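Notebook open, viewer open. I'm jotting things down as I look them up.

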Amino acid sequence: MESSMSIVIITIGFALLFDFLNGFHDAANSIAAIVSTRVMKPHWAVLWAAFFNFIAFLFFGVHVATTIGTGLVDPHVITTQVIFSALLGAIFWNIFTWFYGLPSSSSHALIGGLLGASVAYAGIHPLKWVGISKVLAAIVISPLLGMVISMILIVLTARIFFYTNPQRVEGWFRHFQFLSSAFISLGHGSNDAQKTMGIIAILLYSSGMLGSHFYVPAWVVILCNFVIAFGTVCGGWRIVKTMGMKITKLRPLSGFCSDTASATTLALATTLGIPVSTTHTVTGAIIGVGSLNGFSAVRWGVARSIVWAWVLTIPASGCVAAAVWGIAQFFNSDNGIPMYAANLLMRG
């Protein structure tokens, strides 16, 4: 069923709302370290992060957007209604986890919403399991890689500056944190904004507005980076507190190492076209630098609640998206018979 232009525009609006919430929800990822070490005040930190969020499209391609658009579900079965339901599922989960201060993954909320709505519409046959397996593997690999790289970095820097005055070292790394924070903001803007780019591009493609070949228009790239940067400016302060202060205590050196490790992981994933979670990666890196100070230096109770949010994100947002699609179809009747009920009867 072809969608009218007005429905496409409304759905793009919801995609941009998700993009805004992504920046709002994940502002903590970019600024948690630099704020918690008191190197930069929060309102300056979000402006710093937002700027590098916006210019991220100048440094990376659109490999992640292509994965979201064509690598998880067969694009020929995706409709405007499926995308709309996916966005509502992701938006609901983002707002829910923001309210409780849980740094869940906006990326996986969107992926879960897309998978849930697609399964509700067409079953499991259109799913591309190779792409999905990469996403699932990245849930485990990205935080572990962030943790390992951060541990290596902090050990190396500790050895290099072992005989240097600690106050001088701290002063140097207070300046270095500007660079590491910019680096992670580039990673966040590149990987996360591309998810919304992919959603809008596949919406335009499924509506016949891109012709016979899938691609990401330049205006979509610029608009998505701008909106996620604006969301970062508004900031999600509940999650900043969880990420920067509740997991472990950060100093300028450890903050630099965690940011650099996270940004390196994000840059690698973006180059490979893998949609990873910035939240997962940053949390893993912060735990990595904290654990070197001893097991008790990490507040494992907080970390445990974060992990539970990770586990629930894809199924929860997928269930909400499937429910939204089902409700919409139920009230979209044909000759008095709800289409959703008719589809169930036909499958039976």
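Is Arg251 buried, partly exposed or exposed? I get 43% relative accessibility, so Arg251 counts as partly exposed. Note to self: this is a predicted model.

**Confidence**

I checked pLDDT before going further. The protein averages 80, and 83% of the residues score at least 70. I flagged two stretches where pLDDT stays under 50: residues 333-342, with 12 contacts beyond four places in sequence, and residues 344-348, with three such contacts. Where pLDDT is low, the predicted coordinates should not be read in detail. I'm leaving the fine geometry of 333-342 and 344-348 alone, given pLDDT under 50 in both.

**Overall make-up**

I count 14 helices and two strands. Of the 348 residues, 55% come out as buried. I also looked at contacts between residues at least 6 apart in sequence: 86% of them join residues at least 24 apart. The exposed area is about 15,200 Å², with carbon and sulfur atoms supplying 72% of it.

**Salt bridges**

I searched the whole structure and found two salt bridges. Back to Arg251: its side chain meets that of Glu170 in one of them, at 2.8 Å, N to O. This pair links distant parts of the chain, 81 residues apart, with Arg251 in the loop between helix H10 (237-246) and helix H11 (252-272) and Glu170 in helix H8 (residues 166-206). Glu170 has a relative accessible area of 27%, so I put it down as partly exposed too.

The other entry is Lys195 with Asp192, closest N and O atoms 3.1 Å apart. Both sit in helix H8 and, because they are three residues apart, about one helical turn separates them. Are they buried or exposed? Lys195 is at 0% relative accessibility, so it counts as buried. Asp192 is buried as well, with a relative accessible area of 0%.

**Nonpolar patch**

I then went over the surface. Trp44, Leu47, Phe226, Phe230 and Val233 form a nonpolar patch with about 520 Å² of accessible area together. Which helices feed it? Helix H3 (42-54) and helix H9 (218-234) each supply at least two of the residues, and H9 has the largest share, with three. I picked Phe230, in helix H9, for a closer look: 47% relative accessibility, so partly exposed.

**Cysteines**

I looked for disulfides and the structure holds zero. I noted two cysteines anyway. Cys257 is buried at a relative accessible area of 0%, whereas Cys319 is exposed at 55%.

Key
Residues are numbered from 1 along each chain as its sequence is written. Side-chain values use heavy atoms; hydrogens and water are left out. pLDDT is the predictor's confidence in each residue, from 0 to 100. Contact means heavy atoms within 4.5 Å. Helices (H or I, at least four residues) and strands (E, at least two) are DSSP runs, numbered from the N terminus. Buried means under 20% relative accessible area, exposed over 50%, partly exposed in between (1.4 Å probe, protein chains only). Accessible areas come from the Shrake-Rupley method with a 1.4 Å probe; for residues, only the protein chains shown count as cover. A disulfide is a pair of cysteine sulfur atoms within 2.5 Å. Patches are made of residues with over 30% relative accessible area and no salt bridge: like charges are joined within 9 Å, nonpolar side chains (Val, Leu, Ile, Met, Phe, Trp, Tyr) within 5 Å. A salt bridge is a side-chain nitrogen of Lys or Arg within 4 Å of a carboxyl oxygen of Asp or Glu.
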